[in-house]
Amino acid sequence: MPRFHLPENLSVGQTVALPDNIVRHLNVLRVRPNENITLFDGKGKAHAARLTVLEKRRAEAEILHEDTTDNESPLNITLIQSISSGDRMDFTLQKSVELGVTAIQPVISERCIVRLDGERAAKRLARWQEIVISACEQSGRNTVPPVLPIIGYREALDKMPSESTKLIMSINRARKLGDIRQPSGAIVFMVGPEGGWTEQEEQQAFEAGFQAVTLGKRILRTETAPLAALAAMQTLWGDFA
């Protein structure tokens, strides 16, 4: 059943006019009137709906019943990702959402190739949030992870909750992920840019309570590392087991 993000409060029996972006998507998918779709609000609620009107520029749907399916991971993982270049960041965000990440914090670290501020940063954030929403539509998630405003590396270290399990991808002073005790609360996981972390950044992370983890002897690309680690966490502690 096609799924669409509609950030509105819905009630059974209500007829809702669908926004332009959903109308375009319905036409691309060649959905027909009287077919059922799912509308989710991004905050955990979803409803089954019947498409009553579908025209080139207009669509309406009748809310049938609430869908109580919960596809969220039991793990609360915030991914701190140094901004990568090209489409690597887009790919990382899309796949990390499919793998159950709870929130994404883009950061600018010393070796980041991409530098964003002002209007460029705002446009990129909006695009990233659209990618996250699309990933939720595809993967069956009803809660949309926020892509938080871009901040500097030092600020990211300072704002993370002290009671969380803090992990940084590194080969220095690193333990295997499987040797880390299963977290009882939130997890913060940090991945560096194409050029890796500087020694100073790693030392600052250790002083902020981060533990270095590795997934083996091979060095992973910045877009590979978070996805491999998230999959491993879901296998060790989450809902992949």
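**Exercise 1. Find which residues of helix α1 are buried, and work out how they are arranged around the axis.**

Solution. Begin with burial: in this predicted model, helix α1 spans residues 20-29, and Ile 22, Val 23 and Leu 26 are buried there. Next, look down the axis. These residues cover an arc of only 105°, so they sit on the same side of α1. Then turn the helix around: the face directed away from the buried side carries the exposed residues Asp 20, Arg 24 and Val 28. Finally, ask what covers the buried residues. The cover includes β1 (3-5), β3 (36-40), β4 (46-54) and β5 (59-67).

**Exercise 2. Describe the span that UniProt annotates around α1, residues 18-64.**

Solution. Start with the record: an unreviewed UniProt entry labels residues 18-64 "domain: Ribosomal RNA small subunit methyltransferase E PUA-like". Now turn to the model, where the span is 21% helix and 43% strand. As a last step, take the two ends: the end C-alpha atoms of residues 18-64 lie 15 Å apart.

**Exercise 3. Give the order of the strands in the open sheet of seven strands, and find its edges.**

Solution. Walk across the sheet: the order is β8-β7-β6-β11-β9-β12-β10, and the pairing is parallel. The edges come next. β8 (151-152) and β10 each pair on one side only, which makes them the edge strands. Now zoom in on β12 (residues 211-214). Three bridges join β12 to the parallel strand β9 (residues 165-169), and Ile 168 stands opposite Ala 212. β10 (residues 175-176) is joined to β12 by two bridges, also in parallel, with Lys 176 standing opposite Thr 214.

**Exercise 4. Take apart the largest nonpolar core.**

Solution. First, list the best-connected members: of the 42 residues in this core, Ile 83, Trp 128, Ile 150, Leu 167, Phe 189, Met 233 and Trp 237 touch the most other members. Second, trace the suppliers. At least two residues each come from β6 (77-82), α2 (88-98), β7 (103-108), α3 (118-139), β9, β11 (187-191) and α6 (225-236). Third, pick out the top contributor: α3 gives the largest share, eight residues. Fourth, follow one member, Leu 167. Leaving aside residues up to four places away in sequence, its contacts include Leu 177, Ile 180, Phe 189, Phe 210, Val 213, Met 233 and Trp 237. To finish, note that another core of 17 residues lies apart from the largest one, with Leu 6, Leu 10, Leu 18 and Ala 61 among its members.

**Exercise 5. Look at the backbone of Arg 30, Asn 34 and Arg 173, then decide whether Asn 34 and Arg 173 are buried or exposed.**

Solution. Recall the background: most residues other than glycine have a negative phi. Begin just past α1, which is followed by Arg 30, with a positive phi near 60°. Asn 34 belongs to the loop between α1 and β3, and its phi is positive too, near 80°. With a relative accessible area of 54%, Asn 34 is exposed. Now go to the loop between β9 and β10, where Arg 173 is found. Arg 173 has a positive phi near 55° and is exposed, at a relative accessible area of 60%.

**Exercise 6. State how many disulfides the structure holds, and check the burial of Cys 112 and Cys 136.**

Solution. Search the whole structure for disulfides: the count is zero. Then take the cysteines in turn. Cys 112 is buried, with a relative accessible area of 6%. Cys 136 is buried as well, at 0%.

Technical notes: Residues are numbered from 1 along each chain as its sequence is written. This is a predicted model: local features need pLDDT of at least 70, side-chain atom pairs count only at pLDDT 80 or more; totals for chains, interfaces and linings use all residues. Side-chain values use heavy atoms; hydrogens and water are left out. Buried means under 20% relative accessible area, exposed over 50%, partly exposed in between (1.4 Å probe, protein chains only). Helices (H or I, at least four residues) and strands (E, at least two) are DSSP runs, numbered from the N terminus. The arc is that of the directions from the helix axis to the C-beta atoms. Contact means heavy atoms within 4.5 Å. UniProt positions are given in the numbering used here, feature names are shortened, and annotations may be inferred rather than shown by experiment. Two strands pair if DSSP finds at least two bridges between them. A disulfide is a pair of cysteine sulfur atoms within 2.5 Å. A nonpolar core is a set of buried Ala, Val, Leu, Ile, Met, Phe, Trp, Tyr and Cys residues joined through side-chain atoms within 4.5 Å.
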